[in-house]
Amino acid sequence: MAKILEGIRVFDLTIAAVGPWATKLLGAMGADVIKVEAPGGDRLSHMVPPTIRGNSVLYISANHNKRMIELDLKKEADRAIALKIIEQSDVFVQNMRPGAVERLGLGYEVVAKANPRMIYVAASAYGRTGPMAGEAGIDPTVQSFCGWCGITGPDHGRGEIYRHLAHLDLTTATTITQAVLQALIARERTGRGQRIEIEMLTAAMALQTTRLAEYFATGEQPAPMGSAAAATAPHQAFECQDQRYIAIGVERDEQWPGFCRALKLDELISDPRFATNRQRVAHRAELVSMLAERIKTKPAAWWTIRLNREQVPCGPFLTFEELRNHPQVLANGHIVEIETPHWGSMHVDGLPWKFEGTPAGPIRAGGKPGEQAAEILAELGIVDDRCAGASK
């Protein structure tokens, strides 16, 4: 059965996490992703610990579902090979600092001339125009700039960086994937490719839509609220008797009576201070104080059972080891085991979608830098004259 992107070839000139993760997703949908690297591979990714048999886990995990070739684009002969691959490709993705790819001779105008049907994605941190256009950006710096750190942190405390450094990287990556799929549909209608520009900053702001809306509506900067949600209450993490946390979210007024019954605090159901969500938000401090005291009296598993019985959204805080072995994760293939030629058996994140008619996957291990070069060139009918030229 054909996969969604079967027959689509991606020229992958990406580095670090933003670009590689996007092309990894395209590969999982069946695209033939050709990862093009400078000799020695993506040094930035290879430097990031931990490693498996000398290769960075970041590099390995971001380059599943790809074939690898090395080209020194500063050399005319290698650039000529790249253009021949581009002529037979559908999508070009790069996330280098603005101007870097142009200096390598593969800017949009050059690529579009070689292949007018090419969908060309240029991802950057802050955009390709404006006073910061030439600046490099990584997840923590974009977090700081986009205002994220102003709303993340202890309740009414100082702002903090979100410690999962890849969050904005991978959000931008999924934005790239969405854009490519949309552009492929547009090409079916017009017959032509186009340039797509994507910024980490824009993706980061999209994640903050509701908090930005609060600011635009009131003119007041939202303060950090710890784990609490701004618009609903109670909706946050609570510490239990066993010193584990449970996340609880009462999002609708209909859930409030069941929540009170689960906590055996039936008297709060009719308390006028908490009758509606608006009132619970207004009296959040005194409500949370009472709830925290009550939830501290039983372990997390106890509360999970009682809250689920009342159909109140809740979830325990799991470690990765608990997550990896959880029956729900196992039943849905959220984590899968694959065999790799270089790194042995590995557990990796499963596919994020399940298509009935055009299945994605299975997840395939990528290779080492340049590993499939001969295979790729032979398949595309490209003669590599570099060695012959060097021997003359």
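A polar contact is taken here as a pair of N or O atoms within 3.5 Å, in which, within protein, one atom must be able to donate a hydrogen and the other to accept it, and residues adjacent in sequence count only if both atoms are side-chain atoms. With that in hand, a good place to enter this predicted model is T172, a residue of helix α9, which spans residues 167–190. A polar atom of the T172 side chain lies 2.8 Å from the backbone oxygen of L168. T172 is buried, its relative accessible area being 0%. Leaving aside residues up to four places away in sequence, the neighbours that T172 touches are V18, I198, E199, M200 and A203.

The strands come next. Strands of a sheet pair through backbone hydrogen bonds, in either a parallel or an antiparallel sense. One open sheet has 3 strands in the order β9-β10-β11, and its pairing is antiparallel. Its edges are formed by β9 (235–239) and β11 (314–316), each of which pairs on one side only. From one strand to the next, the twist averages 20 degrees. Between β10 (residues 245–249) and β11, which run antiparallel, there are 3 bridges, and A247 stands opposite G315 of β11. Helix α15, made up of residues 300–309, packs on this sheet and touches both β10 and β11. The direction of α15 makes about 20 degrees with that of β10.

A further antiparallel pair is made by β12 (residues 335–340) and β13, joined over 6 bridges. These two strands form a hairpin with 3 residues between them, and T340 is placed opposite G344 in β13.

The loops hold some backbone geometry that is worth a look, given that most residues other than glycine have a negative phi and most peptide bonds are trans. The peptide bond from P49 to P50 is cis, with omega near -5 degrees; P50 sits in the loop between α2 (43–46) and β3 (51–52). Another cis peptide bond joins G361 and P362, where omega is about -5 degrees. P362 belongs to the loop that runs between β13 (344–349) and α18 (373–379).

Positive phi values also appear in residues other than glycine. For A16, phi is near 60 degrees, and this residue lies in the loop between β1 (9–13) and α1 (18–28). A16 is partly exposed, with a relative accessible area of 22%. For R53, phi is near 50 degrees. R53 is located in the loop between β3 and β4 (55–56) and is exposed, at 61% relative accessible area.

Finally, the cysteines deserve a word. How many disulfides does a search of the whole structure find? The search returns 0, and distances for C146 and C260 show why these two cysteines are unbonded. A disulfide would need a pair of cysteine sulfur atoms within 2.5 Å. The closest cysteine sulfur to that of C146 belongs to C149 and is 7.0 Å away, so the gap is too far for a bond. For C260, the closest cysteine sulfur is in C314, at 15 Å, which is likewise too far for a bond. Both residues count as buried, C146 at 11% relative accessibility and C260 with a relative accessible area of 1%.

Terms used: Residues are numbered from 1 along each chain as its sequence is written. This is a predicted model: local features need pLDDT of at least 70, side-chain atom pairs count only at pLDDT 80 or more; totals for chains, interfaces and linings use all residues. Side-chain values use heavy atoms; hydrogens and water are left out. Helices (H or I, at least four residues) and strands (E, at least two) are DSSP runs, numbered from the N terminus. Buried means under 20% relative accessible area, exposed over 50%, partly exposed in between (1.4 Å probe, protein chains only). Contact means heavy atoms within 4.5 Å. Two strands pair if DSSP finds at least two bridges between them. Axes are lines fitted to C-alpha atoms, for helices over the stretch in contact, and angles run from 0 to 180 degrees between N-to-C directions.
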